[in-house]
Amino acid sequence: MDNILDDSTLRLVIVLVALLATAFLTGGGWYEQGVLDSAWPNKPAIVRPVEGGANRKLFWVPANIFTVLTLLAALWASWPAPGARYVAFVAIGFYAVINAVTVCFFARAVLPVEKNGDADNDPTSIRWVRLSRWRTPLSLGVNASLIIAAISLARVP
C-alpha cells in the first residue's frame, strides 16, 4: 500500500505546523500589544476579566500547550537533517526564553492587576507594557528559525 505522505514530506509538514503554531502566538502577541496593552495603562479594566476585560489565559494557556507539542514534534521531524535540527533547537531556545521571562516576570506582574486592579496610568503597568514589547523580536526569532528548518528539510533528498 502506498503512503499518502512519504517520510520527508511528513517531516516537513510537522515543521510547518509548528511554524503555524508559533506564528499564531506571534499574532496573538501583536494583538495583545496593539489592542490590550496600548489601552491598559489608561483603562486597567481591559485586563480584568471580572470587570469584563480580556481573560488572556483562555488564549495563552491552550495556545502554548499546543505550541510546545508542535515544537517537540518539529525537533523530532528535523532530527535527520543537521542544519534543520540546529535551527529547531534555536527555535526552542527562543521559545524557552520567552516563556521563562513570561512566567518569572510578566505573569507575576499582571496577575495581581487582573485580580485587584490598579490605578489609571500606574507606572508599573506602563513599564510592563514597554518591556513586554521585547518579547516580539524573540517570537519572530522562533518563526524565522522554523522557516530555516523547513527550508533545510525541503532541501534534504
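1. Let's start with how the chain folds back on itself. In this predicted model, 78% of the contacts in the protein chain with a separation of 6 or more are made by residues 24 or more positions apart. Keep that figure in mind as you trace the chain from one helix to the next.

2. Which elements make up the fold? The protein chain has five helices and zero strands, and from the N terminus on the order reads α-α-α-α-α. Along its principal axes, the C-alpha trace spans about 65 × 30 × 20 Å.

3. Now for the inside and the outside. Of the 157 residues in the protein chain, 38% are buried. The accessible surface comes to about 9,100 Å², and carbon and sulfur atoms account for 70% of that area.

4. Helix α1 covers residues 7–39, and two of its residues make a nice pair to look up. T26 sits in helix α1 and V17 does too. Is T26 buried or exposed? T26 counts as buried because its relative accessibility is 5%, which is under the 20% cut-off. V17, with a relative accessible area of 33%, is partly exposed, because that value falls between the cut-offs of 20% and 50%.

5. What does T26 touch? Leaving aside residues up to four places away in sequence, T26 is in contact with S139, L140 and N143. Try finding these three in the viewer, starting from T26.

6. V17 also belongs to a nonpolar patch on the surface, together with V13 and F66. The accessible area of these residues together is about 230 Å².

7. The largest pocket deserves a careful look. It holds about 660 Å³ of space and is lined by 30 residues. Those nearest its centre are W60, N64, N99, T102 and R135.

8. Where does the lining of the largest pocket come from? Helices α1, α2 (57–78), α3 (82–116), α4 (123–132) and α5 (135–155) each give at least two residues to the lining. Helix α3 provides the largest share, with ten residues.

9. A last stop on helix α3 is G83, which lies in that helix. G83 is partly exposed because its relative accessible area is 40%, between the 20% and 50% cut-offs. How far apart are G83 and G52 in space? Their C-alpha atoms are 47 Å apart, with 31 residues separating the two in sequence.

Notes: Residues are numbered from 1 along each chain as its sequence is written. This is a predicted model: local features need pLDDT of at least 70, side-chain atom pairs count only at pLDDT 80 or more; totals for chains, interfaces and linings use all residues. Side-chain values use heavy atoms; hydrogens and water are left out. Patches are made of residues with over 30% relative accessible area and no salt bridge: like charges are joined within 9 Å, nonpolar side chains (Val, Leu, Ile, Met, Phe, Trp, Tyr) within 5 Å. Accessible areas come from the Shrake-Rupley method with a 1.4 Å probe; for residues, only the protein chains shown count as cover. A salt bridge is a side-chain nitrogen of Lys or Arg within 4 Å of a carboxyl oxygen of Asp or Glu. Helices (H or I, at least four residues) and strands (E, at least two) are DSSP runs, numbered from the N terminus. Buried means under 20% relative accessible area, exposed over 50%, partly exposed in between (1.4 Å probe, protein chains only). Contact means heavy atoms within 4.5 Å. On a 1 Å grid over the protein atoms alone, a cavity is a set of points where a 1.4 Å probe fits but cannot get out, and a pocket is an open set with protein on both sides within 12 Å along at least five of seven lines; lining residues have an atom within 4 Å of a point. Grid points are joined across faces, edges and corners, and a volume is the space filled by probe spheres set on the points.
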